[in-house]
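Here is a friendly walk through one protein model. Keep the structure open beside the text and look up each part as it comes up.

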Amino acid sequence: MTEAPWGAAPYPVVLADAAGRVVELNQAAARLFPRAEPGTSLAATMPGWLAEAHRDACAPGADTGPVRGEAGQRSFAAYPAPSPDGYVMWWLVDETDRRRAEAARRRAEAELAAERERMALLAEAANALLTTLNVDRCTEATVRLAAEHLADAAVLVAHAEGRRPPVVLAAHGGEVSRLAAPVALAEVPGLSEALRHFPPVPSRWIDPGELPPWVVPEGFPGPVGVAVVTPLPGVCAPAGALILLCRGDGQVFGENEERFARSFAVRAGAALSAARMYAEQTGISTILMRDLLPPRLHRVHGVDFAGRYRASVRSELVGGDFYEVHPGADETAESLVALGDVCGKGLEAAVTTGKIRTTLRALLPMAGDHLRMLSLLNGALLEAESSRFATVVLASALRVDDRVRLRLTSAGHPPPLIVRSGGVVEEAATQGLLIGAFPEIEATTVQAELAPGETCVLYTDGITEARGGPLGDAMFGERRLMDTLSECEGMPAAAIVEHVQMLATQWAGNRDHDDMAIVAISAPYPRSP
């Protein structure tokens with residue numbers, strides 16, 4: 001063994017000549033390369049990368065930078081030190097631990113980058129899914145995102161209580177499609193359980209050979225190699241199930257991918273549940289609203305009726321004002337008109353409005369006596385939990401020959417206005433106490449008669465109290481309303497209510513206003529022979 005000064009160096013050191021033979025080596029090098037001795041060939045006793053690097057280092061004008069390679073299951077960096085006489089001394093530095101640490105760091109960075117990408121995708125998915133409350137669009141977005149980021153294809157089977165569940169499919173880069181024909185869910189192992197259980201069951205891996213043909217979307221690239229059923233947890237019930245498909249030569253679900261799929265499923269299930277709940281609530285609201293909306297009025301038993309309604313807030317369809325017409329049983333019976341204004345506005349006022357209208361329908365057999373009908377309505381409101389009160393005006397109309405006979409009763413409401421021939425506007429002399437505020441009410445009933453072309457107008461104070469004008473603080477007022485009606489002499493009932501509401505709305509402009517309701521009762525002109 002060499003007695004050179006570097007013989008006891010902790011690093012392996014090898015001295016070789018230009019012919020590639022070992023000249024000297026220290027103890028560390030001898031332990032690393034047990035077959036190497038002075039005079040042996042580098043190529044025969046040492047790794048090929050070191051022998052090749054030595055030949056390159058001995059070449060004229062060679063680059064004398066370090067080279068790296070494996071020796072004895074360790075990683076080394078070999079630093080050459082050429083001498084003028086053609087010898088090269090190689091110092092080998094063990095980099096195994098550093099390279100392992102570097103590899104671990106790179107793996108950690110790669111995993112961190114992948115996790116960040118997955119989190120970004122989840123955020124993107126949540127944003128895409130929660131920006132719509134439409135069930136169909138949310139379903140299609142779920143399938144499209146799953147096919148793009150989770151697998152080569154995705155199939156969503158939505159939860160449908162008591163109905164055939166919709167099935168939506170998409171392959172990566174393809175269009176979303178829906179299955180029109182019914183399918184047998186039992187053909188897919190684990191699918192029925194995923195749709196039925198809450199809390200959700202774990203994801204289930206499926207043998208691709210057990211998949212029915214309808215599960216594989218059109219345009220799927222190659223045979224299915226991986227298939228998994230993942231539940232979509234919803235609110236108190238499953239939102240559906242997602243079937244993920246991968247090609248036979250495609251990606252394989254690892255632990256991170258499976259965790260990502262579960263996180264995606266949680267967000268998708270929440271979005272689908274929210275969309276479905278919104279659709280159900282919208283359906284319920286539509287059904288309830290349909291009964292609260294003012295009816296379309298027309299000629300009944302020879303009497304023309306017309307009405308217009310405008311809620312106080314643009315986003316609302318109903319409020320505290322209401323009107324309706326209850327036709328008489330035949331041409332010899334009176335038709336009853338009810339118009340009212342519940343204190344307040346918005347949904348709570350609309351609920352009270354619905355109660356009043358329902359009560360009035362129940363009291364129709366007593367329509368011959370307005371005061372009794374209003375007294376019973378007053379008692380019903382006093383017994384209700386709501387503390388809201390209302391003003392109501394009733395009008396009973398009957399066609400007699402070419403005229404219309406009216407009975408008018410106001411309970412705290414502005415009295416009706418009668419537009420006579422020649423443009424004269426009269427105020428009916430009826431008055432009374434409002435409904436739902438006092439134990440007993442008082443009201444006077446007056447009679448009137450309409451000649452052909454004359455009209456009786458019932459309205460709520462949302463029209464007269466609408467503020468606007470040049471400075472925006474003046475009320476439309478009763479005087480302006482009467483002047484407007486005076487100009488409507490001889491006009492049809494529908495034209496009168498349209499004209500009045502248009503002027504009141506223009507007067508208020510974009511300012512907030514109370515609910516507006518108006519009903520016109522007209523005696524039509526006789527038809528020409």
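The report below goes from the nonpolar cores to a cavity, a pocket and two backbone angles.

**The cores**

Please keep in mind that this is a predicted model. A good place to begin is the largest nonpolar core, which has 30 residues. Leu232, Leu242 and Leu244 are the residues with the most contacts inside this core. Which elements each supply at least two residues of this core? They are helix 4 (96–130), helix 5 (135–149), strand 6 (153–158), strand 7 (167–171), strand 10 (224–233), strand 11 (238–247) and helix 7. Helix 7 provides the largest share, with eight residues.

Now zoom in on Leu232. Leaving aside residues up to four places away in sequence, Leu232 touches Leu156, Pro238, Ala239, Gly240, Ala241, Leu242, Ala265, Ala268, Gly269 and Leu272. Apart from the largest core there is another core, of 27 residues, and Val300, Tyr323, Val337 and Ile521 are among them.

**A cavity and Ser335**

Searching the whole structure turns up two cavities of 30 Å³ or more. Let us visit the second largest, with a volume of about 30 Å³. Its lining is made of Val300, His301, Val303, Phe305, Glu331, Ala333, Ser335, Ala397, Leu398 and Arg399. Strand 15 brings the largest share of this lining, three residues.

One of the lining residues is Ser335, and its place is in strand 14 (residues 335–342). Is Ser335 buried or exposed? Ser335 has a relative accessible area of 2%, so it is buried. A polar atom of the Ser335 side chain lies 3.1 Å from the backbone nitrogen of Gly328. Not counting residues up to four places away in sequence, Ser335 touches Val300, His301, Phe305, His326, Pro327, Gly328, Ala395, Ser396 and Ala397.

**The largest pocket**

The largest pocket holds about 280 Å³ of space. It is lined by 14 residues, of which Pro295, Arg296, Gly307, Arg308 and Tyr323 are the closest to its centre. Strand 12 and helix 12 (493–508) each give at least two residues to the lining of this pocket. The most comes from strand 12, with five residues.

The table sets out the two linings by class.

| Lining | Nonpolar | Polar | Charged |
|---|---|---|---|
| Second largest cavity | six residues | two residues | two residues |
| Largest pocket | ten residues | one residue | three residues |

**Two positive phi angles**

To finish, look at the backbone. Most residues other than glycine have a negative phi. His301, however, is a residue other than glycine with a positive phi, near 50°. You can find His301 in the loop between helix 7 (255–292) and strand 12 (304–310). His301 is also in the lining of the second largest cavity, and Ser335 touches it. Because its relative accessibility is 27%, His301 counts as partly exposed.

Asp401 also has a positive phi without being glycine, with a value near 60°. Where does Asp401 lie? Asp401 sits in the loop between strand 15 (390–400) and strand 16 (403–411). How much of Asp401 is accessible, and what does Asp401 count as? Its relative accessibility is 71%, so Asp401 counts as exposed.

Notes. Residues numbered from 1 in each chain as written. Predicted model: local features only at pLDDT ≥ 70, side-chain atom pairs only at ≥ 80, totals over all residues. Heavy atoms only, no water. Helix = DSSP H or I, 4+ residues; strand = E, 2+ residues; numbered from the N terminus. Buried < 20%, exposed > 50% of the residue type's maximum accessible area, 1.4 Å probe, protein only. Core = buried A, V, L, I, M, F, W, Y, C linked by side-chain atoms within 4.5 Å. Contact = heavy atoms within 4.5 Å. 1 Å grid on protein atoms, 1.4 Å probe; cavity = no way out; pocket = protein on both sides within 12 Å on 5 of 7 lines; lining within 4 Å. Points joined across faces, edges and corners; volume = space filled by probe spheres on them. Nonpolar A, V, L, I, M, F, W, Y, C, P; charged D, E, K, R; others polar. Polar contact = N/O pair within 3.5 Å; in protein donor to acceptor, adjacent residues only side chain to side chain.
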